[in-house]
Amino acid sequence: QVQLVESGGGLVQPGGSLRLSCAASRIIFSLYTMGWYRQPPGKARELVATLGSGGFINIAGSVKGRFTISRDNANKMVYLQMNSLKPEDTALYYCNAKWGPEDYWGQGTQVTVSS
């Protein structure tokens, strides 16, 4: 089955940076729109950013200018570079792969922004 494994989460101070990684397996990676979503404690999951197979980027206004999504098709990896982190960025961050009716999720990696 398809597998998405996130890594790179942790505790960081406000204003700091983290880079999240997602490794995909058992999919034709280049066909999929890859994305990052997050779920703050007690809240619903929300879009952070997506990057289509053709390079189209969708990014949430709350993180625009601070976060960058990128992908490496050869290695089946997607990344989320997070800069200028704020306490409100604290959440479980999920990797997503979508193509037509196919929709897969990782287990999530925790990001906590606190002094």
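**Stop 1: the core**

Start in the middle of things by selecting Trp36, Leu80, Met82 and Tyr93, the residues with the most contacts inside the largest nonpolar core, which has 28 residues. Keep in mind as you look around that this is a predicted model. Which strands feed this core? Colour strand 3, strand 4, strand 5 (46-51), strand 7, strand 8, strand 9 and strand 11 (109-113), since each of them supplies at least two residues of the core.

**Stop 2: Val78**

Now pick Val78, which you will find in strand 8. Is Val78 buried or exposed? Its relative accessible area is 0%, so Val78 is buried. Show Trp36 again and draw a line between the two C-alpha atoms: Val78 and Trp36 are 8.9 Å apart in space, although 42 residues separate them in sequence.

Next, bring up the surroundings of Val78. Setting aside neighbours within four places in sequence, Val78 is in contact with Leu20, Ser21, Cys22, Phe29, Met34, Trp36, Ile69, Ser70, Arg71 and Cys95. Two of those names, Cys22 and Cys95, lead to the next stop.

**Stop 3: the disulfide**

Select Cys22 and Cys95 and show their side chains. A disulfide joins them, with 2.0 Å from S to S, and a search of the whole structure finds 1 disulfide. Look along the S-S bond: the angle about it is -80 degrees, and the link is left-handed. What does this link tie together? Cys22 lies in strand 3 and Cys95 in strand 9, so the pair connects parts that are 73 residues apart in sequence. Both ends are out of reach of the probe: Cys22 is buried at 0% relative accessible area, and Cys95 is buried at 0% as well.

**Stop 4: a network of charges**

Side chains of opposite charge can pair when their charged atoms come close. To see this here, select Arg38, Glu46, Arg66 and Asp89, which are linked in a network of salt bridges. The structure holds 3 salt bridges, and you can walk through them one by one.

- Begin with Glu46 and Arg38, whose side chains meet in a salt bridge of 2.8 Å, N to O. Glu46 is partly exposed, with a relative accessible area of 31%, whereas Arg38 counts as buried at 5%.
- Move on from Arg38 to Asp89: their closest N and O atoms are 2.9 Å apart, and they form a salt bridge. This pair links distant parts of the chain, with Arg38 in strand 4 and Asp89 in the loop between strand 8 (77-82) and strand 9 (91-99), 51 residues apart. Arg38 and Asp89 are both buried.
- Finish with Asp89 and Arg66, a salt bridge whose closest N and O atoms are 2.8 Å apart. Arg66 lies in the loop between strand 6 (57-59) and strand 7 (67-72), and Asp89 in the loop between strand 8 and strand 9, so this bridge ties together parts that are 23 residues apart in sequence. Arg66 is buried, and Asp89 is too.

**Stop 5: rings that meet**

Time for the aromatic side chains. A pair of aromatic rings is described by the distance of the centres and the angle of the planes. How many aromatic pairs does a search of the whole structure find? The search finds 3. Select Tyr32 and Tyr104: their rings form a tilted pair, 6.4 Å centre to centre and with 45 degrees between the planes. Tyr32 sits in the loop between strand 3 (18-25) and strand 4 (33-39), and Tyr104 in strand 10 (residues 102-105), 72 residues apart. Of these partners, Tyr32 is buried, with a relative accessible area of 6%, while Tyr104 counts as partly exposed at 25%.

Then turn to Tyr37 and Trp105. Why is this pair edge-to-face? The planes stand at 65 degrees, and an angle over 60 counts as edge-to-face; the ring centres are 5.0 Å apart. Tyr37 belongs to strand 4 and Trp105 to strand 10, 68 residues away. Add Trp99 to the view as well: ring pairs link Tyr32, Trp99 and Tyr104 into a cluster.

**Stop 6: charges over rings**

Stay with Trp105, which counts as partly exposed at 29% relative accessibility, and show Arg45. The charged end of Arg45 sits over the ring of Trp105, 3.7 Å from its centre. For your last selection, choose Arg19 and Tyr79: here the charged end of Arg19 sits over the ring of Tyr79, 3.9 Å from its centre.

Notes
Residues numbered from 1 in each chain as written. Predicted model: local features only at pLDDT ≥ 70, side-chain atom pairs only at ≥ 80, totals over all residues. Heavy atoms only, no water. Phe/Tyr/Trp six-rings, centres within 6.5 Å; stacked < 30°, edge-to-face > 60°. Helix = DSSP H or I, 4+ residues; strand = E, 2+ residues; numbered from the N terminus. Buried < 20%, exposed > 50% of the residue type's maximum accessible area, 1.4 Å probe, protein only. Lys NZ or Arg CZ within 6 Å of the ring centre and 35° of its normal. Salt bridge = Lys/Arg side-chain N within 4 Å of Asp/Glu carboxyl O. Disulfide = S-S within 2.5 Å. Core = buried A, V, L, I, M, F, W, Y, C linked by side-chain atoms within 4.5 Å. Contact = heavy atoms within 4.5 Å.
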